[in-house]
Amino acid sequence: MNELTRQPTTLSGSVAVAGAVVAVLAAGIGSGYGLGIGFLGLATLAFGLIRGHRGAIDIGSLTIFVGVVVSGLQGESVELTVLATIGVVLAWDLGQDATDLGEQLGREAETRRLEAVHIISSILIGLVAATVGYGVYIFASDGQPVAGVVLLVLAAAFLVVALGSSHRRNNWKGRNR
Amino acid sequence: MSVRTGWLALGVVTFLGALIVLTGVYSVGIGQGSLIVVGCGLLLGGVSALSRRRGVREQTGTPDPERTYHVPTPGTSLRETIGQFRQATGDYTVMSRRFVDGLRGGVVAVLTRFEGHSVEEATTQLETGEWTADKEAAAFLSESVDRPSRPLRKRLAAALDRETMFRVGIRRAGASIAVVGYGRESARSVPDSLPKYEEADEDERNSRTTTKQITGTEQSRRRSTEYWTGVGAVALFAVGLGVLAESSAVVLAGVVGVGYAGFARAFEPPVPEIDLERTLGTEEPEPGDEVDVELTVTNESGRLLPDVRLIDGVPAGLNVTDGAARVGTALRPGESVTLEYTVTARRGTHDFDPALVLTRDLSRSTEQEFYIECETTVASNPVLRPIASAVPLRATAASFSGRLQTADGGSGTTFHSVREYRRNDPLNRIDWNRHARTGELATLEFHEERAARVVVLLDTRKASYLAPTPDERHAVDRSVAAAGRTAATLLENGDTVGLAAIGPSRSTKPATSSTHDPCWLAPGAGRHHRVQFEQLLASHPQFSPVPPERETHWYGQLRTLRRRFTSETQVLLFSPLCDPESLEIAQRLEAHGHPVTVVSPDPTAERTTAQQLARVGRRIRRFDLQRAGIPVVDWGPEETIDEVFARMHAGDQR
């Protein structure tokens, strides 16, 4: 009888760690504080991935992100901060994905294809979002009024909230059916 | 709907405002103050949304169809196991006292049986602590023995240890009883380390995907996984902080997060049309054979399924021994994926349960649960293959000639004795050599060979569904397999064999749910009888491989059976002997003049003190039966029935 190993799957898990490392390094170039906080988060994340602990993955990723923000506040490079953000979101996303897959299917099951789809889609979304944001940034730094940029970001935020409430509504309907 | 529209309107208005400002139609003099207000608002929103994440993140757990239903190991409850040694006094005592009393009873029980002491001697030894080499165990069970003083280092270690003195005492006492109880000279050695006080509770996973009857595809649930909950909040937080600190890098980091939050909400999970096809290596394997299973999963819908997680409904009675019965994949339209794994067949008819399919959308934020049916059946029936060595029967017999050697002298093939000639003795049995030598007439006696009339009786009460590890073959399974082979052997030798069981059935109480009579096949012989025997063993509900839910009122069943037995019927009882009732069944049958032989598959383990004591208890019962003249064939978990009977035949009465 072979027991199921309900631990995070290896492919997603390792990509998550890679993302986190990229994030920590990118943040660390900008500031020493960012590097320190990032390493703390990286350790927590790695622990969460080894033990399959969701809370540790959440906290670890959040800590790395705090490091990224600190480095963004101190540092000059916008590009590195954006890269680090993609890395940390990727780490968080794939860390959770690995935990989910591990718990539902176990390490023995063949899941590489599914994981590949997840990894690619996550990276793509990050790149698209970063490109759009960076485009607006370039546009705004051409001497556009700050208020306009802030309003644009606010608009995006409101639209996200609106989409979110529609989502929840659907879900509620689905449950009632 | 109004909330959504409101937010949407606000978003559109802000966007338009942004456009107006950016195109320079109207310019807002934005000061530090309004920036701070906006930033603080975003920070607050982020924190409040983040706090919502706590506890909402959950996901569908999956069952464990790879495993079989669990059967307990003897000694599940320490209280009951110790209780079997304890004399019922009737007065109330506290639990810890009861444990100590029970263990003291256990010491006396093993000393009187295996060391040859009388009860008084045993009690004296118990009080003086002479019975064991372990001073601490002796002190634990006797107040007149002082605890040995230990070095400071050990005492410190004990103080740091989480286990209480009481538990350590019980573990030590249990191990010391086992040293005596296993027999000091016995081959079965006592493990060096102490067994655990109790086993870590294994979380009971479901061994079936669903118990419902499903036809085709059935959607059971649709839920939000809350996978991305919080990413929007953190993003807003970053945007707010960036605005406050006037750091474009942080604002952009937030914008990336907002992008992911949008991604999380963009998709609807597709409704899968999945076709399953299952092929088996063989549909009728022998118990213990390996069966290859191949499951082909095909996406019949015209859409891409980005996230399919499938768990095959392996029957509850089968264990997956190789490969994995689950897969996670993405399927293009018309594409299929094949899942290969191996199960080990066990006795019984096993139907595959519907497969559990979980699909998610690309962003994994909504999950749907489906059951997809694909009917396949594995039927594995015991094979009536004769055993090479003779079945250990008692030497009483019916009046027909057969192959069972009795203790009586008469005609036969094996020399028994020589006696004085009596008139009318057959000529061919006169010892002519002796007549030639001395002139005296003497008659040779041979062991009479008769046919035995045997009833194979199986103990299938709930208490007999036991196995050394939860996934292993349980004692009833082993008994049924051995019963079939024993019967085949006996029938081949010309004996008459019947079949009966003491287990859950209707006759005991009309109100119970089961609707079948207890199994009874009168002793007989011949091809037709053999077929009947085989069918009953394969299909009678009393031999079900799944443990029954309720206890059996065995007393009435036993009485009915006894009335059916003729006087010269002997009984071959298959029982693990793990509770006092099994002992009583054997003793009652013997007392009513039916020679009983017990074949006892050993399901005991010794991972915990309770299991160790249960093993000692079983050995005590075996000893008691043997002392009463009932032979017990002990059948260890590693042995085959052929080996056991060969060993018995070789004369090793362990």
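**Exercise 1. Where is the place of P545(B) in chain B? Then decide whether P545(B) is buried or exposed.**

A word before we start: this is a predicted model, in which local features need pLDDT of at least 70, side-chain atom pairs count only at pLDDT 80 or more, and totals for chains, interfaces and linings use all residues. Residues are numbered from 1 along each chain as its sequence is written, while chains are lettered from A and ligands numbered from 1 in the order in which they are written.

*Solution.*
- Step 1: P545(B) sits in the loop between helix 13 (527-539) and helix 14 (554-564) of chain B. Helices (H or I, at least four residues) and strands (E, at least two) are DSSP runs, numbered from the N terminus.
- Step 2: A residue is buried if 20 or more other C-beta atoms, placed from the backbone, lie within 10 Å of its own, exposed if 12 or fewer, and partly exposed in between. P545(B) has 22, so P545(B) is buried.

**Exercise 2. What should helix 2 (residues 32-51) of chain A span, and which of its residues are buried?**

*Solution.*
- Step 1: The expected span is 1.5 Å times one less than the number of residues. For the 20 residues of helix 2 of chain A, that gives 28 Å; the end C-alpha atoms are 29 Å apart, so the two agree.
- Step 2: The buried residues of this helix include G34(A), I37(A), L42(A) and L49(A).
- Step 3: Among the elements covering them are helix 1 (10-30), helix 3 (54-74) and helix 4 (78-104) of chain A.
- Step 4: After the helix comes G52(A), with a positive phi near 70°.

Methods
Two residues are in contact if their C-beta atoms, placed from the backbone, lie within 7 Å.
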